[in-house]
Amino acid sequence: MVGEMPTPEPGEGEVRIRIAFSGINPGDVKKRGGWQGSPMPYPRVVPHSDGAGVIDAVGAGVPSARVGETVWCYGAQSYRPFGTAAEHVVVPAGLAVPLPAAAASRPEVLAQAACLGIAGVTGHRAVFADGPLGGLTVLVWGAASGVGAVALQMAQRAGARVLAVVRRADQVPSVRAMGATEAWRADDPALVERIRSAAPGGVHRVADVDFGAHIDVNAEVMATGGVISAYYSSADRPDLPYWKLAFADVSLRLLGSDDFPAAVKADAARELTAALLEGRLSFSIAARLPLQDIALAHEQVERGAGGRVLLDLTAGMIKQV
């Protein structure tokens with residue numbers, strides 16, 4: 001339902017952002033549907049955690065100089081009722097990440113920045129949680145997805161050799177363009193042999209879109225001391241090839257982005273912003289829809305839009321700023 005609410009006022013330590021773009025993630029759709037049996041956490045929820053726009057008000061304790069600052073934000077609807085699917089959102093000041101002032105008049109930059117939150121922080125954590133990547137081999141499952149694309153591009157930027165796995169053949173050229181050295185379909189019957197051939201010393205880091213579905217392949221290709229980082233599993237209680245993993249001294253890291261430490265999120269936000277502005281991180285945007293079409297936008301995410309879906313609230317805003 002789309003309707004009118006009073007414009008929110010920032011409290012102590014908060015800023016208010018006039019939203020230009022609201023980013024939609026699969027997690028937003030899952031929250032709406034009560035995934036894992038979770039009830040609606042508040043009597044009224046404005047969805048979406050990610051967005052970009054311009055700060056137009058600040059609360060007590062926040063420098064007034066931040067008014068007029070172009071920013072992207074994350075965590076807006078993480079343990080909070082009101083997210084970015086609105087003309088204005090209020091967030092803690094630390095969750096509003098500065099962008100160059102010129103970005104305010106460049107909708108293409110704001111649109112990209114609105115994609116950085118959940119996918120960006122999760123993708124960054126998946127590959128960097130266990131140290132630098134220079135000279136390592138990284139395997140990214142779902143490399144054409146939001147999180148996977150971030151993991152691929154950020155790992156490549158950091159000097160890793162990246163191997164990519166995708167769902168469809170038409171996604172192979174796109175992930176190669178992002179920097180993947182090799183790319184294969186997930187249903188390739190020779191996938192293990194292909195990965196071993198490309199990485200004879202084994203894979204050092206894995207960013208995994210489905211822990212339960214891929215654990216047997218991962219176990220066959222890991223380097224000694226490697227790390228598997230997974231941010232989803234289609235199986236709640238997956239079987240593990242314990243001894244194969246144990247003899248390779250493999251570590252398992254299971255990621256829940258809402259609950260990463262604040263310092264981890266802030267470090268990721270700095271690196272993601274830098275990569276975006278360098279032109280070394282970008283997202284394929286499948287659709288930009290007006291706020292009143294939010295239901296259609298969610299349906300597109302549910303169907304798998306083939307890129308990021310955004311709510312576009314820039315009407316009249318670009319000229320104003």
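Helices α3 and α4 sit oblique to each other in this predicted model, because their axes cross at roughly 50°, an angle that falls outside the ranges for roughly parallel, antiparallel or perpendicular. The axes come within 8 Å, and the crossing is right-handed as α3 passes α4. The rest of this briefing zooms in on α4.

**The α3/α4 contact**
- On the α3 side, the contact is made by A119, G120, T122, G123, H124, V127 and F128.
- On the α4 side, the partners are G146, V147, V150, A151, M154 and A155.

**Length and ends of α4**
- Helix α4 covers residues 146-157, and at 1.5 Å a residue its 12 residues should span 16 Å.
- The C-alpha atoms at its two ends are 17 Å apart, so the model agrees with that expectation.
- At the N-terminal end, S145 acts as the cap, with a side-chain oxygen 3.2 Å from the backbone nitrogen of G148.
- After the helix comes G159, which has a positive phi, near 95°.

**Burial and surroundings**
- Nine of the 12 residues of α4 are buried, so the rest of the structure largely encloses this helix.
- Those buried residues are V147, G148, A149, V150, A151, L152, Q153, M154 and A155.
- Among the helices they pack against are α3 (117-128), α5 (172-178) and α9 (262-278).
- Strands β6 (137-141), β7 (161-166) and β9 (203-208) also pack against the buried residues of α4.

Technical notes
Residues numbered from 1 in each chain as written. Predicted model: local features only at pLDDT ≥ 70, side-chain atom pairs only at ≥ 80, totals over all residues. Heavy atoms only, no water. Helix = DSSP H or I, 4+ residues; strand = E, 2+ residues; numbered from the N terminus. Expected span 1.5 Å × (residues − 1). Buried < 20%, exposed > 50% of the residue type's maximum accessible area, 1.4 Å probe, protein only. Contact = heavy atoms within 4.5 Å. Polar contact = N/O pair within 3.5 Å; in protein donor to acceptor, adjacent residues only side chain to side chain. Axes fitted to C-alpha atoms, helices over the stretch in contact; angles between N-to-C directions. Parallel < 35°, antiparallel > 145°, perpendicular 65-115°, else oblique. Left-handed = near helix turned anticlockwise from the far one by under 90°.
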